[in-house]
Amino acid sequence: MSGMADRIDFTELGGSGYSSELDSDAETKKRKQHDESLLSKKKARSEKLPDRQEMGEMYNKEEGKIHRVHYLTMSAFDRHKQYVNNYVLYFGGSMNDFYRDRSKDKTDLDVIRENHRFLWSDDDDADITWEKQLAKKYYDKLFKEYCLADLSRYKENKIGMRWRTEKEVVDGKGQFICGNKKCAENEGLRSWEVNFAYMEHGEKKNALVKLRLCPDCSYKLNYHHKKREIVQKKKSKREEKDKLRAKDQHDLNEVEGQKQSSTHPGEKVSSSESPSDSSIWSAPIKLTEEKSREEEFDDYFADMFL
C-alpha cells in the first residue's frame, strides 16, 4: 500500500513509546506527560545521592577515626613498627633500608666519660654544651670531702682517683672504710693529703685531695714518695693542766667578787672560813649551757673529718 494513511513515522527513539500520525492528539499529550514525570523522578532521585567526591571524603573521615582509635591502643614500639610496615607497603622498599649501624651510638655514660672533669671551674661554663652540661650535672651530685683511689699500679707510680657517690658515702666507703677501691679494711685508717697530678683533655692539672687508707694501702700510696699525713693536733698534759688551773682561778675570783659585793662597808670576811666552804652557800649555782644538736654533731665528727 502506497497511500499516506498506511505510512508509520517513528519520531521519538529512546523514549518510553512511539508516536505516529495515526495517534490522536490526546494520546500524544498523555504520553509526553508520562515521559516528563519519569524524567522528573529520575532527576530528583539523582539529586538526593551525594557525588563521588563527597562519598570519598566521608569514607576517609570514618577510616581516620577507626585508625586513630586503633593507634591509641598500641604501644609506642608497636606503633613505630606499624608505620614502617605501612611505608614499605605503600611506597615500596625493604626492611633492610631501615637498619643502621648502632656501633657508633653513644649512651649518656659515654657522653659523661668524654666530657668529665675532675674539678670544674667558672671558666668551664663559658662555652658549655649539652654534653658538658650533662657531665656537670653528674659532677654536682658527687661528694668531694674524700677521694677513692685505685692503687693497682702503685709500683709504676700511677694512682687513679675519683670522688665518691651518694651510695658510697652512705656505706662509709672512703671515710670509715679504706679508700682503696679493692680494700674493705676499717681498722687503723690514716688520713693522707695528696697532690693529685693528672692529665685532662690534653692539659696538665693538679688538685690537693684527701685519702683515708688502711696501713697496707698507706704503704702502697707512699711507695715512691712520702705523702703528708693529716694528724689531729693533741694537746699535751701540761697544756691541759694549765687550762684547768686557769679555769679554777677564774671561778674563784668570781666567788670572791660576789662575797665582797654582798658585805656592808667596813665589814670583813673571816679569814678562818675556807673558800671552798663559803662558795657552796654564797656562790650562785652555775648552770651549764646545753649544746645544740648541731654542736653535738660537730664535736662527734671532729675526729672523723681529717
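**Close-up views of a predicted model**

**View 1. A salt bridge joins Glu145 and Lys210.** In this predicted model, the closest N and O atoms of glutamate 145 and lysine 210 are 3.1 Å apart. The pair ties together distant parts of the chain: glutamate 145 sits in strand S1 and lysine 210 in strand S4, with their positions 65 residues apart. How accessible is each partner? Glutamate 145 has 34% relative accessibility, so it counts as partly exposed. Lysine 210 is partly exposed too, at 24%. If you would like to look for others, the whole structure holds 10 salt bridges.

**View 2. Lys167 and Asp171 form a salt bridge within helix H6.** Here the N to O distance is 3.0 Å. Both residues belong to helix H6 (residues 166–171) and are 4 residues apart, about one turn of the helix. Why does such a spacing suit a pair on one helix? An α-helix has 3.6 residues a turn, so residues three or four places apart point the same way. Lysine 167 is exposed, with a relative accessible area of 61%, while aspartate 171 is partly exposed at 42%.

**View 3. Glu200 and Lys205 meet in a salt bridge.** The N to O distance in this pair is 2.9 Å. Are these two residues buried or exposed? Both glutamate 200 and lysine 205 are buried.

**View 4. The largest nonpolar core brings together 24 residues.** Good landmarks to find are Phe118, Met161, Val209, Leu211 and Leu213, which have the most contacts inside this core. Which elements supply at least two core residues each? They are helix H5 (130–140), strand S1 (143–150), strand S2 (160–164), strand S3 (190–200), strand S4 (203–213) and helix H7 (215–221). In soluble globular proteins, nonpolar side chains tend to be buried together.

**View 5. Leu211 touches residues from several stretches of the sequence.** Leaving aside residues up to four places away in sequence, leucine 211 touches Cys147, Leu148 and Ala149, along with Met161. Its other contacts of this kind are Arg190, Ser191, Trp192, Val194 and Leu221. Met161 is, like Leu211, among the residues with the most contacts inside the core.

**View 6. The buried residues of helix H4 pack against H5.** In helix H4 (residues 108–115), the residues to look for are Val111, Ile112 and Asn115, which are buried. Because they cover an arc of only 100° around the axis, they lie on the same side of H4. Their packing partner, H5, also supplies at least two residues of the largest nonpolar core.

**View 7. Seven residues form a nonpolar patch on the surface.** The members are Tyr87, Leu89, Tyr90, Phe91, Met95, Phe98 and Tyr99, and together they have about 890 Å² of accessible area. One of them, phenylalanine 91, is placed in helix H3 (residues 76–91). Its relative accessible area is 64%, over the 50% cut-off, so phenylalanine 91 counts as exposed.

**View 8. The whole protein has 10 helices and 5 strands.** Step back from the close-ups to set them in context. Of the 306 residues, 21% count as buried. The protein exposes about 25,200 Å², and carbon and sulfur atoms supply 53% of that area. Among contacts with a separation of 6 or more, 48% come from residues 24 or more positions apart.

Technical notes. Residues are numbered from 1 along each chain as its sequence is written. This is a predicted model: local features need pLDDT of at least 70, side-chain atom pairs count only at pLDDT 80 or more; totals for chains, interfaces and linings use all residues. Side-chain values use heavy atoms; hydrogens and water are left out. A nonpolar core is a set of buried Ala, Val, Leu, Ile, Met, Phe, Trp, Tyr and Cys residues joined through side-chain atoms within 4.5 Å. Buried means under 20% relative accessible area, exposed over 50%, partly exposed in between (1.4 Å probe, protein chains only). Contact means heavy atoms within 4.5 Å. Accessible areas come from the Shrake-Rupley method with a 1.4 Å probe; for residues, only the protein chains shown count as cover. Patches are made of residues with over 30% relative accessible area and no salt bridge: like charges are joined within 9 Å, nonpolar side chains (Val, Leu, Ile, Met, Phe, Trp, Tyr) within 5 Å. A salt bridge is a side-chain nitrogen of Lys or Arg within 4 Å of a carboxyl oxygen of Asp or Glu. The arc is that of the directions from the helix axis to the C-beta atoms.
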